[in-house]
Amino acid sequence: MSLDFKEIFTVFMVLFAVIDIVGNIPIIIDLRKKVGHIQSEKAAIIAGIILISFLFLGKSILNLIGINVNSFAVAGSFILFFIALEMILGITLYKEEDTNPMTASVFPLAFPLIAGPGSLTTLLSLRAEYSIQNIIIAVILNVIVIYIVLKTSRRIERLIGQNGIQIIRKVFGVVLLAIAVKLFTDNIKILLA
């Protein structure tokens with residue numbers, strides 16, 4: 001097992017940008033106001049299980065329906081592109097449904113807010129380029145960060161402020177846009193070869 005810290009850092013940053021837990025602090029705070037207490041541990045662990053499970057089972061599911069990882073990565077690059085546009089332009093292309101107070105920690109927090117279509121697609125796209133053990137470590141690191149942010153979301157919002165959150169969201173949006181372009185070009189070359 002060879003650990004590559006550059007790969008781990010890259011995958012961590014990509015997932016951090018896609019999950020956008022800091023940018024979702026206003027949604028988390030709003031959810032807390034609606035349903036009361038959110039179980040941060042439960043949300044983080046369930047999101048981690050979903051992400052790691054999809055990392056291993058996603059390829060098999062794709063093979064079952066006759067799609068290769070490179071085609072999925074190209075499709076994933078489009079999703080990342082649109083998520084990045086949402087972050088940069090401050091628009092919402094995908095709207096979540098209202099939640100049931102009994103399941104707020106799982107839905108919509110763990111899925112689809114944290115482990116949603118963007119992050120699942122990103123995992124399979126990253127799998128086409130990076131080694132599994134480095135991706136798993138990056139997922140675990142993201143789950144730890146997610147837990148910390150969920151636990152301290154009110155304090156983070158007071159510390160950074162609305163403007164700070166918007167700036168962070170736009171910066172990560174630009175980074176994500178660049179990653180989407182790289183994923184697209186790397187995988188389209190393989191498909192066209």
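Two helices count as oblique when the angle between their axes falls outside the ranges set for roughly parallel (under 35 degrees), roughly antiparallel (over 145) and roughly perpendicular (65 to 115). In this predicted model, the axes of α4 and α6 cross at roughly 140 degrees and come within 8 Å, and the two helices are therefore oblique to each other. Their crossing is left-handed. On the α4 side the contact is made by Val69, Phe72, Ala73, Gly76, Ile79, Leu80 and Ile83, and on the α6 side by Gly118, Thr121, Thr122, Leu124 and Ser125. Sorted by class, these residues comprise 7 nonpolar and 5 polar ones, with no charged residue.

One residue of this contact can be followed individually. Thr121 belongs to helix α6, which spans residues 117-127, and its relative accessibility is 8%, so Thr121 counts as buried, the cut-off for that class being under 20%. Once its neighbours within four places in sequence are left aside, Thr121 is in contact with Phe72, Gly76 and Ile79, and these three residues are among those that α4 brings to its contact with α6. Ahead of α6, in the loop that joins α5 to α6, lies Gly116, which is likewise buried because its relative accessible area is 4%.

Helix α4, which covers residues 69-89, also meets α8, and here the axes come within 8 Å and cross at roughly 160 degrees. That angle makes α4 roughly antiparallel to α8, since the threshold for this description is an angle over 145 degrees. The crossing of α4 and α8 is left-handed, and the residues of their contact divide into 20 nonpolar, 5 polar and 2 charged.

Helix α8 has a further partner in α1, the helix of residues 5-19, against which it packs at an angle of about 120 degrees with the axes 9 Å apart. These two helices are therefore oblique to each other, and α1 passes α8 in a left-handed crossing. From α1 the contact draws on Met13, Val14, Phe16, Ala17 and Val18, while from α8 it draws on Phe172, Leu176 and Ile179. The class count for the contact of α1 with α8 is 8 nonpolar residues, with no polar and no charged ones. Ala178, also placed in helix α8, has a relative accessibility of 49% and therefore counts as partly exposed. Between the C-alpha atoms of Ala178 and Leu51 there are 23 Å in space, the two residues being 127 apart in sequence.

The chain then leads from α1 into the loop between α1 and α2, where Asp20 is found. Phi of Asp20 is near 50 degrees, a positive value in a residue other than glycine. Most residues other than glycine have a negative phi. Asp20 counts as buried because its relative accessibility is 7%. Asn24 lies in this loop between α1 and α2 as well, and at 8% relative accessibility Asn24 is likewise classed as buried. Setting aside its neighbours within four places in sequence, the contacts of Asn24 are with Ile19, Leu113 and Arg169. Asn24 and Gly116, which are 92 residues apart along the chain, have their C-alpha atoms separated by 13 Å.

What, then, are the buried residues of helix α2, and how are they arranged around its axis? Within α2, which runs over residues 25-35, the buried positions are Ile25, Ile28, Ile29, Leu31, Arg32 and Val35. Viewed down the axis of α2, these residues fall within an arc of 160 degrees, so they line one face of the helix. An α-helix has 3.6 residues a turn, so residues three or four places apart point the same way. Lys33 and Lys34, by contrast, are exposed on the other side of α2. The buried residues of α2 pack against four helices, namely α3 (40-64), α5 (105-114), α7 (132-151) and α8 (153-192). Just after α2, the backbone reaches Gly36, which takes a positive phi of about 90 degrees.

Methods. Residues numbered from 1 in each chain as written. Predicted model: local features only at pLDDT ≥ 70, side-chain atom pairs only at ≥ 80, totals over all residues. Heavy atoms only, no water. Buried < 20%, exposed > 50% of the residue type's maximum accessible area, 1.4 Å probe, protein only. Contact = heavy atoms within 4.5 Å. Arc of directions from axis to C-beta. Axes fitted to C-alpha atoms, helices over the stretch in contact; angles between N-to-C directions. Left-handed = near helix turned anticlockwise from the far one by under 90°. Nonpolar A, V, L, I, M, F, W, Y, C, P; charged D, E, K, R; others polar.
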